[in-house]
Amino acid sequence: MKAEKLFPISINPNLCVRCQRCMYSCSPKAIFFKNSMRYVNYEKCEGCLKCVDVCEHGAIEVISIEEGKLEGFTIDEERCLKCYKCLKDDFCFQGLFFLERDEKGQEYVKFRAKSLSKCFKCLKCFKNCPGNAIFPIIKE
Ligand code: SF4
Ligand code: SF4
Ligand code: SF4
């Protein structure tokens, strides 16, 4: 069975006062800036939760997730609401989701598996999909 780790999945921009304490507390330098917001790289994060301890504003939300190597994302077609939020620029920094049509014209959201090296491993897509349809593929 894969081990679980507690992962700081998002830093709430409404609570964060940009004091940088979380960044100073993180020895593997897993916390990064993008568009003036802070995110965490799943693969660099060791799950020590020092960042959560030092945040006086409770801005960091934590989830329990399997530990391992992130090898992409799978989209659960049953759960997908076809809202297409994942295709918008502000959903994934790297535009790693796209629409595929089958021969009957049915549309499916897919992850650009060949572009995995461009992924920031922030798990923002996993957290923000309104249908909870995007799941990380994690290998030991
Ligand atoms: S849990 Fe630890 S390793 Fe992960 S982002 Fe926070 S301080 Fe860094
Ligand atoms: S954001 Fe989620 S629910 Fe909406 S289209 Fe994409 S995968 Fe489907
Ligand atoms: S982890 Fe981040 S960069 Fe990678 S696909 Fe999800 S939102 Fe995009």
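**Close-up 1. The surroundings of ligand 2 in this predicted model.** Ligand 2 is surrounded by Ile75, Cys80, Leu81, Lys82, Cys83, Tyr84, Cys86, Val109, Cys129, Pro130, Gly131 and Ile134. Sorted by class, this shell holds 10 nonpolar residues, together with one polar and one charged residue.

**Close-up 2. The surroundings of ligand 3.** Around ligand 3 stand Phe73, Cys92, Leu96, Phe97 and Phe111, and with them a run of residues made up of Cys119, Phe120, Lys121, Cys122, Leu123, Lys124 and Cys125. Of the residues in this shell, 10 are nonpolar and two are charged, while no polar residue is found there.

**Close-up 3. The largest pocket, between two domains.** This pocket holds about 220 Å³ of space, and because both domain 1 (4-66) and domain 2 (72-139) give residues to its lining, the pocket lies between them. The lining consists of 16 residues, and those nearest the centre of the pocket are Ser10, Ile11, Asn12, Pro13 and Lys127. At least two lining residues come from each of S1, strand S3 (37-40), strand S4 (60-66) and helix H3 (124-128). By class, the lining of the largest pocket comprises eight nonpolar, four polar and four charged residues.

**Close-up 4. Ser10, one of the residues nearest the centre of the largest pocket.** Ser10 belongs to strand S1, which spans residues 4-11. Its relative accessibility is 17%, and Ser10 therefore counts as buried. Leaving aside residues up to four places away in sequence, Ser10 touches Ala59, Ile60, Glu61 and Lys127, and of these contacts Lys127 is itself among the residues nearest the centre of the pocket.

Conventions
Residues numbered from 1 in each chain as written. Chains lettered and ligands numbered in written order. Predicted model: local features only at pLDDT ≥ 70, side-chain atom pairs only at ≥ 80, totals over all residues. Heavy atoms only, no water. Near = heavy atom within 4 Å. Nonpolar A, V, L, I, M, F, W, Y, C, P; charged D, E, K, R; others polar. Helix = DSSP H or I, 4+ residues; strand = E, 2+ residues; numbered from the N terminus. Buried < 20%, exposed > 50% of the residue type's maximum accessible area, 1.4 Å probe, protein only. Contact = heavy atoms within 4.5 Å. 1 Å grid on protein atoms, 1.4 Å probe; cavity = no way out; pocket = protein on both sides within 12 Å on 5 of 7 lines; lining within 4 Å. Points joined across faces, edges and corners; volume = space filled by probe spheres on them. Domains from an automatic or database assignment.
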